[in-house]
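Hi everyone. I will walk you through one protein chain today. Please have the viewer open and follow along.

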Amino acid sequence: MSKNEKRKKYTKKRYVLPVLIVVLLIIGRIALPYILENYVTKTLNNIPGYEGSVSDVDLSLWRGAYQIEGLILREENSQGEKPLLDFPYSDISIDWRSLFKGKIVSEIEMQDPNFNYIFENQEKKDEADVEDWTKALTNLVPIDINHFVVHNGTANFVEVSADPQISLFLEKISLEAHNLSNVVNREKELPSHLWANAVSMGGGDVEIHGNLNLLKQIPDMDMEFSLKKAEATSLNEITRRYAGVDFESGTFELYSELAIANGFLKGYIKPMLINTKLIEKDDDGGIFKKLWEGFVGFFKFALKNQGTDTLATRVPLEGDLNNVESGVWTTVLNIFKNAWIEAFKGSIDSDIEFEDAKQESAKE
């Protein structure tokens with residue numbers, strides 16, 4: 001064999017390995033989405049009591065990401081009901097900002113996610129079942145989550161067996177949570193921040209924000225919640241069932257602060273009915289029903305603040321998470337306080353601090 005022939009043969013061999021690698025990468029790129037789709041589907045269907053599916057999985061290798069489209073998770077044999085989870089589009093990627101800080105974590109961005117919780121279905125299941133599907137969803141993310149974003153989400157909570165059916169919902173949910181894996185501020189007690197807003201039933205404006213530490217087995221947190229200007233008529237399904245009355249007009253508001261430290265909770269809930277009017281029913285509901293409606297009407301008139309036309313109270317919450325006490329007598333006294341002494345403000349009171357819960361937990 002001549003030198004030229006040997007050189008040509010060597011040149012061919014030299015290019016075989018790079019070409020083979022390129023071919024294998026192309027085949028892997030084509031096959032990987034199908035492998036991922038099968039993995040996601042198998043993970044969902046391995047959840048006891050549930051069945052799941054996805055319509056498509058795509059890759060964005062240049063930014064270390066993959067997208068899941070049409071993820072559905074529903075109760076077994078519940079084809080007529082809305083699925084528990086309906087996620088049209090989820091983007092899971094490497095958090096490059098954290099990578100530059102030396103930590104490999106992920107970020108998730110979800111578009112139009114829908115969560116439907118049916119109380120009757122969950123009563124048939126124990127806590128382990130809920131842990132099963134939440135753990136399975138976490139397993140779809142290969143590395144710890146540090147940044148989480150939701151656009152235009154919806155959450156429905158339905159009690160089908162109630163008469164009338166009780167349905168509570170939040171829509172247009174926007175949520176953003178930063179530093180969940182504590183890439184920065186490592187010495188800070190509550191290193192992560194969460195902010196969210198939404199529209200409630202009755203058109204109310206919902207906002208929740210605060211700081212937390214999800215790295216503990218029982219997370220620590222210092223959160224504020226407000227619900228403003230919701231139409232009181234949206235509560236009629238609940239008040240009709242539990243109090244036998246309906247609202248004709250008015251607004252409902254709710255404010256809360258909660259601090260949790262080492263499993264000890266300290267906070268309050270402040271519900272407010274503003275400028276509300278009850279429906280006067282003409283139908284014959286019986287003498288006892290008439291008397292009850294009259295009593296409720298008198299109670300509402302006598303115990304509302306005449307200056308602000310507001311019926312309100314503040315429910316204190318305190319105790320170990322396994323035994324939180326609500327302070328019944330304080331709640332009752334606060335009704336009188338709002339009516340006759342000093343009207344409660346339609347805002348967060350800003351008097352609960354994380355240090356309060358931390359100090360109380362140290363006494364336990």
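Start at Ile 68. Leave aside its neighbours within four places in sequence. What is Ile 68 in contact with? The list is Val 40, Val 54, Asp 56, Pro 88, Tyr 89, Ser 90, Ile 92 and Leu 140. One thing before we go on: this is a predicted model.

Now the setting of that residue. Ile 68 belongs to the largest nonpolar core, which has 21 residues. Which members touch the most other members? They are Val 54, Tyr 66, Ile 68, Leu 71 and Leu 73. Several elements give two or more residues to this core. They are helix H1, strand E2, strand E3, strand E4 and strand E5. H1 covers residues 3-45, and E3 covers 65-75. E3 gives the most, with four residues. There is another core, and it lies apart from this one. That other core has 17 residues, among them Ala 230, Ala 232, Leu 235 and Leu 303.

Let's zoom out for a moment. The protein chain has 364 residues, and 38% of them count as buried. It holds eight helices and 15 strands. Next, take contacts between residues at least 6 apart in sequence. Of these, 60% join residues at least 24 apart. The accessible surface comes to about 21500 Å². Carbon and sulfur atoms account for 58% of that surface.

Staying on the surface, go to helix H7. Phe 336 lies in this helix. Is Phe 336 buried, or partly exposed? It is partly exposed, because its relative accessible area is 31%. Phe 336 helps make a nonpolar surface patch of about 720 Å². Its partners there are Val 328, Trp 329, Val 332, Trp 340 and Ile 341.

Next topic: charges. Side chains of opposite charge can pair when their charged atoms come close. How many salt bridges does the count come to? The count is eight. I will show you three.

First on my list, Lys 216 and Asp 220. They form a salt bridge, with the closest N and O atoms 2.9 Å apart. Lys 216 is partly exposed, at 28% relative accessible area. Asp 220 counts as buried, since its relative accessibility is 6%.

Next, Asp 246 and Arg 240. Here the closest N and O atoms are 2.8 Å apart. Asp 246 counts as buried, at 6% relative accessibility. Arg 240 counts as partly exposed, at 37%.

Then Asp 349 and Arg 314. Their side chains meet in a salt bridge at 2.6 Å, N to O. Where do these two sit? Asp 349 lies in the loop between helix H7 and helix H8. Arg 314 lies in the loop between strand E14 and strand E15. So the pair ties together parts that are 35 residues apart in sequence. Asp 349 counts as partly exposed, with 28% relative accessibility. Arg 314 counts as buried: its value is 19%, and buried means under 20%. This pair is also part of a network of salt bridges. Lys 270, Arg 314, Asp 349 and Asp 351 are linked in that network.

Now look at the loop between strand E10 and strand E11. Pro 219 is found there. It counts as partly exposed, at 27% relative accessibility. Which residues does Pro 219 touch, not counting those up to four places away in sequence? It touches Asn 213, Leu 214 and Ile 260. Pro 219 and Leu 190 are 29 residues apart along the chain. Their C-alpha atoms are separated by 9.4 Å.

Last stop: backbone angles. Two residues here have a positive phi without being glycine. Lys 229 has a phi near 60°. It is found in strand E11, residues 220-231. Lys 229 is exposed, with a relative accessible area of 59%. Asn 262 has a phi near 55°. It lies in the loop between strand E12 and strand E13. Is Asn 262 buried or exposed? It counts as exposed, because its relative accessibility is 51% and exposed means over 50%.

That is the tour. Questions are welcome.

How values were computed. Residues numbered from 1 in each chain as written. Predicted model: local features only at pLDDT ≥ 70, side-chain atom pairs only at ≥ 80, totals over all residues. Heavy atoms only, no water. Buried < 20%, exposed > 50% of the residue type's maximum accessible area, 1.4 Å probe, protein only. Contact = heavy atoms within 4.5 Å. Areas by Shrake-Rupley, 256 points an atom, 1.4 Å probe, with all protein chains shown as cover. Salt bridge = Lys/Arg side-chain N within 4 Å of Asp/Glu carboxyl O. Patch = residues over 30% accessible without salt bridge, like charges linked within 9 Å, V, L, I, M, F, W, Y side chains within 5 Å. Core = buried A, V, L, I, M, F, W, Y, C linked by side-chain atoms within 4.5 Å.
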